Amino acid sequence: MSEVMIVTGGSRGIGAATARLAGERGYAVCVNYRSDTSAAAAVVADIEKAGGRALAVAGDMSSEQDVVNLFETSDAQLGPLTVLVNNAGIVDVQSRVEDYTLERLQRMFAVNITGAFLCVREAVRRMSTKRGGAGGAIVNVSSVAARLGGPNEYVDYAASKGAMDSMTIGLSKEVAAEGIRVNAVRPGLIYTDIHASGGEPGRVDRLKDGVPMQRGGSAQEVARVILWLASDEASYTTGSLVECSGGR
Ligand code: NAP
């Protein structure tokens, strides 16, 4: 039976690249998305066209009910979970901290960290050898913003990724003896639509000259790191925060 991977936010950007590469490498892939049904369907169609198995499941990862439904649907349709890629994440419009609203902060942390916690909870319940599972791997999609801080753009986003890094370290130790590896990838400036949702579609090009490698990265370059962390090639790696940022 093939390995089963859930990718949250798998309809576009880094999540879609991860889902497609996972399909190529033989995973059955559960592609979660929030709203863009046709984008998720296109990812599933690409995987199936290449001979793989995939399934699209709608759900807002800040909703506990939607998270539980995602994991139960994946169990029922694809079989026992082996890898979770905790990728769904948002930015808000660029703004200084003094202008933040409570609503902005609640949404940011609900999606980027509470949702990520709900997903790892569901994954551990299924994977832990202590609970009858067969082990597995969790890859959290963090950001270099966790250490840069996101000044004048989105300190709230950076803080949510800092929380994700701490969760990665703590959870990795909690479940290391139960067959589960937990790691994070920290992408730098990657060409995806997320920058448009922050109000600046050309953000990567504006900042790319400051990257030591002097370019932005592609979603595929991040996906390859995620697939490595998920695989047995990384069998002795847990609790790691792996940079994928061209040296930024
Ligand atoms: P993106 O192109 O904006 O795609 C975001 C994906 O997440 C979409 O599939 C979207 O689905 C989904 N999503 C958003 N909110 C969701 C929710 N509440 N529940 C479920 N799915 C949700 O973003 P991206 O650049 O690929 O980013 C992916 C991850 O990488 C994020 O965690 C981000 O913080 C991180 N990251 C990105 C960069 C970068 O430069 N791009 C750098 C560092 C870290 P719908 O389209 O259906 O709404």
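Start at Gly188, where a polar backbone atom lies 3.2 Å from an oxygen atom of the ligand. Keep in mind that this is a predicted model. The backbone joins in at Ile14 too: one of its polar backbone atoms is 2.8 Å from a ligand oxygen. Lys161 uses its side chain instead, placing a polar atom 2.9 Å from an oxygen of the ligand. How much of the ligand does the protein bury? Taken alone, the ligand exposes 900 Å², and 97% of that is buried by the protein.

Now step back to the surroundings. The ligand sits in the largest pocket, and 32 residues surround the ligand, with Ser11, Arg12, Ser35, Tyr157 and Thr192 the closest. Several elements feed this shell: helix H1 (13-24), strand E2 (28-33), helix H6 (155-175) and helix H7 (194-197) each supply at least two residues. As for chemistry, the shell around the ligand splits into 14 polar, twelve nonpolar and six charged residues.

Next, have a look at the enclosed space. Rolling a probe the size of a water molecule over the atoms shows where empty space is left. The structure holds one cavity of 30 Å³ or more, and the largest cavity has a volume of about 30 Å³. Which residues line the largest cavity? Among them are Thr8, Met61, Asn86, Asn87, Ala88 and Met164, along with Val111, Gly115, Ala116 and Cys119. Helix H4 (residues 102-127) gives the most to this lining, with four residues. The lining of the largest cavity has six nonpolar and four polar residues, but no charged ones.

How values were computed
Residues numbered from 1 in each chain as written. Predicted model: local features only at pLDDT ≥ 70, side-chain atom pairs only at ≥ 80, totals over all residues. Heavy atoms only, no water. Near = heavy atom within 4 Å. Polar contact = N/O pair within 3.5 Å; in protein donor to acceptor, adjacent residues only side chain to side chain. Areas by Shrake-Rupley, 256 points an atom, 1.4 Å probe, with all protein chains shown as cover. 1 Å grid on protein atoms, 1.4 Å probe; cavity = no way out; pocket = protein on both sides within 12 Å on 5 of 7 lines; lining within 4 Å. Sits in = over half its atoms within 2 Å of the grid points. Nonpolar A, V, L, I, M, F, W, Y, C, P; charged D, E, K, R; others polar. Points joined across faces, edges and corners; volume = space filled by probe spheres on them.
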